[in-house]
Every structure is written in structure tokens, then in C-alpha cells.
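Here is a walk through a model with more than one chain, taken one part at a time. Please keep the sequence and the 3D view at hand while reading.

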Amino acid sequence: MAYISAASTISHQPTFKNAGFSALLEVLGESSALINPEYKEYIDAGLLRRMSKILRMSVACAKECIQQAEIEQPGAIIVGTGLGCLLDTEKFLNNSITIEGLLPPTSFIQSTHNTMGGQISLSIGNHGYNMTHTQNTLSFEHALQDAMLLLAEGEENILVGAADEHIEFLSEVAHRLHVYQEKQLTSGASFFVVSNEKTSGSLAKISDAQSWGLVSNVEDATAKFLKDNNVDLKALDLILYAGNLSEFAEIDTEKCIDYTDFSGIYPTASSFALHYAVDSIAQNKPIRNVLIYNALIKNNLGLMLVQSLEA
Amino acid sequence: MDNLKEDLKKQIIEQLNLEDITPADIADDALLFNDSGLGLDSIDALELIVLLEKYHGIQVTNPDEGKDAFKTINTMAAYVQKRKG
């Protein structure tokens, strides 16, 4: 069980510092672009000049979450990313094949997957547990499970989130990404502060999060997940999904929303769905039980059960 | 010499991605690694070494040399001139 006390997302939707955004979402069009906040309000100019898109998004969301949660320091920083810092990786690789002699160090230093966690830690002076999970489309679910294990051990106020960035090269190899549908490839970052105790600032709770690689039967896995949490499929008020729901015979399609219509596609888009669920619960009281069903890649399944504090 | 200093300022701005800074904002005698100057750090020092090789064909192999050379635009220009002989 994890109580969410802060949530922040930068995406192609008006999500950042905008409680109630879930009512304002529009299906992405070809002209949609990442909506960037004024990063200088969150990041020192000396650091900002080196930061690529994914780093700016991650640090800004992380700092916004810490402000929202009114905590000085999180007990741990846990990040999920499917493809890591692609802009810097591409830049470094291009440098290494085009430049003779010394290579500029910045893009190399910032090309590793754990740069987001490191930069967040440096920018707030945090010396706690710092972990990055990269498991393709299940990266965020793995990060969240890590956070929930730490909460169960007594850790308080964990900053957990995910980010991925789009570069043009991804569009060229989109057919090799094995995502279920061909939709716009995008960038996004979502971070949360989760705690093991309910407070006056709690927005919703994550009752469970699980993931399966090489899943054989998604309907059985989902049924067991819900049964373990004493929630009936019919008791779900909202199902935010990515992938294919056609294998579910008894599902009420009116309750189902494909969140990639709004987030676009990136490996950790399920973190966008979590913020979407939290905002829906906080703004729309009848919504109590939300299932996030992440089958963005057919063989991977991630499930999160998000509930209102009263559920 | 003045042209060289101007070139160095432009190259530093590009190499270090110094947003919102123009060559006119960098005084010739401003300390590059001090907050009163540009406030550069150790990663920037590595970028300056790359810059000298990339634009001027100079390899800085002696760390002590770099320490003095990278103090200001004046010292960088003097170092470049000396190495190019």
C-alpha cells in the first residue's frame, strides 16, 4: 500500500501544476508538442544549460513533487526509464564516429540511464537510496514495486517516477519497438511522492502494483490480481489501458480509456496513467477504483490498482 | 589578439551551451571558474580541453598548464598564441 501525497507530470497535455487536468485532455494530434514549464524556476541556470529534455523534465517534476508534499527530503529516489537519456546517447555516439581526437565529456556523462536519479539527487542534495529500473515498458511498474517494498520496510516519503524522451531516430525504428498500436511517439515524465501513512495531503492510494514479463494469459493474470485485492472487475469505475482489451469477455467498454490517446507512446507512459488516475479520483469523487492495465508490448503486462482514500 | 579573444568567447559559449550569454558579457579578465565570472566547473574544464583541440589543434597534456591557461580569456588567448608559436 502506498499513499500518494504529490504528483507531477510533464507531457503533451496541460498536466504540469494543473490539478483537474484529467477533464481537459484531448486526443493527441500530429501538431501536438511537449508542454514545457519555465524550467529556470526549478533548475539552476548553470545546470540547466547541460540538461537534455529528459533531465529537465525529471528534475522539474521531482522538485515540484517535493514542494507539493511539503517535505524537505525524500527517503529514497527511484526512477524508471525504458530507453534512458536518448538525446545525450545519440549525441555521444555521433561525436564518437565523427570527431577525431578528444570527445566532449558532457554527453557521455549524461547518456547513462541513471542520470535522472543522479541529477535529482544532486539538485536537492539527497544522500538516500537512489535506484533506476529499466525494464522496457514495465520500467515504471518495477520502480513502483521497489518503492512499495521500501515503504513496507518502514521508509517514508519516497520520490518515485519515470521518464522517457523521444528523438527522431525512434520514429525511424518505430516498427521494431513492438508496441501494440502505431501512435505518436512522445516524451513524458511523471513523478510522485508516496508514503506508508495516510496524511491530510494524501490524494489516493496505490493498493497494488505487479508486472509480468512473457505473460501467457493476460485475462487470468488480471483476474488473479483483482481477486488478490478483493476487487471485482465490475467494481472498477475506470480502466486506463494501453494495448488490447479484446481478450476480456466481461468488460464494460464504457469504463475503458486508452491512455496512450492522450500521452502518446513512450515506454513509461503508464506513469502518466497513474497521474491521470490520481487526478480523476481527486477531482471526481464517484471514482473509487481504477485499474491501470499496461500491455503496451504484447508480452509484457503491468497492473496497478489505484483507489480513493475511502475505498 | 583581439580577434582570437572574440573567437574564444564564441567557442566557449557554443561548447558549454551558455544560454543567455553573449561574447560581450564575458570580460577578458573575468575569472572563468569563479562565480564572479562564468562560474564554470570541472566538467567545463574538460570541455575547454576538447575545445582547444577541436578549434585550435592544441592538446593540453600537462594539467598544471591547463590550470593557468584557463583562468581568463586573456590567459587562454596567450596560451593559444604561445602553443601555436
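Helix α4 of chain B, residues 73-84, has 12 residues, and at 1.5 Å a residue these should span 16 Å. The end C-alpha atoms of α4(B) are 16 Å apart, so the expected and computed lengths agree. This is a predicted model, and the values here are computed from its atoms.

Which residues of α4(B) are buried? They are Ile73(B), Met76(B), Ala77(B), Tyr79(B) and Val80(B). These residues cover an arc of only 160° around the axis, and therefore they sit on the same side of α4(B). The spacing fits a general rule: an α-helix has 3.6 residues a turn, so residues three or four places apart point the same way. The face of α4(B) turned away from the buried side carries Gln81(B) and Lys82(B), both exposed. The cover over the buried residues of α4(B) includes three other helices of chain B, namely α1 (2-15), α2 (42-56) and α3 (63-69). Just past the end of α4(B) comes Gly85(B), whose phi is positive, at about 60°.

Now chain B as a whole. It contains four helices and zero strands, and from the N terminus on its elements run α-α-α-α. The radius of gyration of chain B is 12 Å, close to the 12 Å that the globule rule gives for 85 residues, so chain B is as compact as a globular protein of that length. Along the principal axes, the C-alpha atoms of chain B fill a box of roughly 30 × 25 × 20 Å. Buried residues make up 26% of the 85 residues in chain B. If one takes the contacts in chain B between residues at least 6 apart in sequence, 53% of them join residues at least 24 apart.

Next comes the contact between the two chains. Chain A gives nine residues to it and chain B gives 11 residues. On the chain A side, the largest share is three residues, and these come from helix α4 of chain A, residues 105-109. By class, the residues of chain A that touch chain B divide into four nonpolar, three polar and two charged.

Further along chain A is helix α5, residues 115-124. Its buried residues are Thr115(A), Met116(A), Gly117(A), Gln119(A), Ile120(A) and Ser121(A). Among the elements that cover the buried residues of α5(A) are α2 (53-69), β2 (76-80), β3 (129-133) and β4 of chain A. Gly125(A), just after α5(A), takes a positive phi of about 70°.

How is chain A divided into domains? The domain assignment gives domain 1, residues 2-195, and domain 2, residues 205-307. The centres of these two domains of chain A, taken over C-alpha atoms, are separated by 21 Å. Between them, 48 residues of domain 1 are in contact with 36 residues of domain 2. On the domain 1 side, β1 (2-10), α6 (139-152), β4 (158-164) and β5 (188-195) of chain A each supply at least two residues. The largest share of that side, seven residues, comes from α6(A). By class, the side of domain 1 that touches domain 2 of chain A has 22 nonpolar, 23 polar and three charged residues.

Note on methods:
Residues are numbered from 1 along each chain as its sequence is written. Chains are lettered from A and ligands numbered from 1 in the order in which they are written. This is a predicted model: local features need pLDDT of at least 70, side-chain atom pairs count only at pLDDT 80 or more; totals for chains, interfaces and linings use all residues. Domain bounds come from an automatic or database domain assignment. Two residues are in contact if their C-beta atoms, placed from the backbone, lie within 7 Å. Ala, Val, Leu, Ile, Met, Phe, Trp, Tyr, Cys and Pro count as nonpolar, Asp, Glu, Lys and Arg as charged, and the others, Gly among them, as polar. The expected span of a helix is 1.5 Å times one less than its number of residues. A residue is buried if 20 or more other C-beta atoms lie within 10 Å of its own, exposed if 12 or fewer, and partly exposed in between; C-beta atoms are placed from the backbone. The arc is that of the directions from the helix axis to the C-beta atoms. The radius of gyration is taken over C-alpha atoms; the globule rule is 2.2 Å times the number of residues to the power 0.38.
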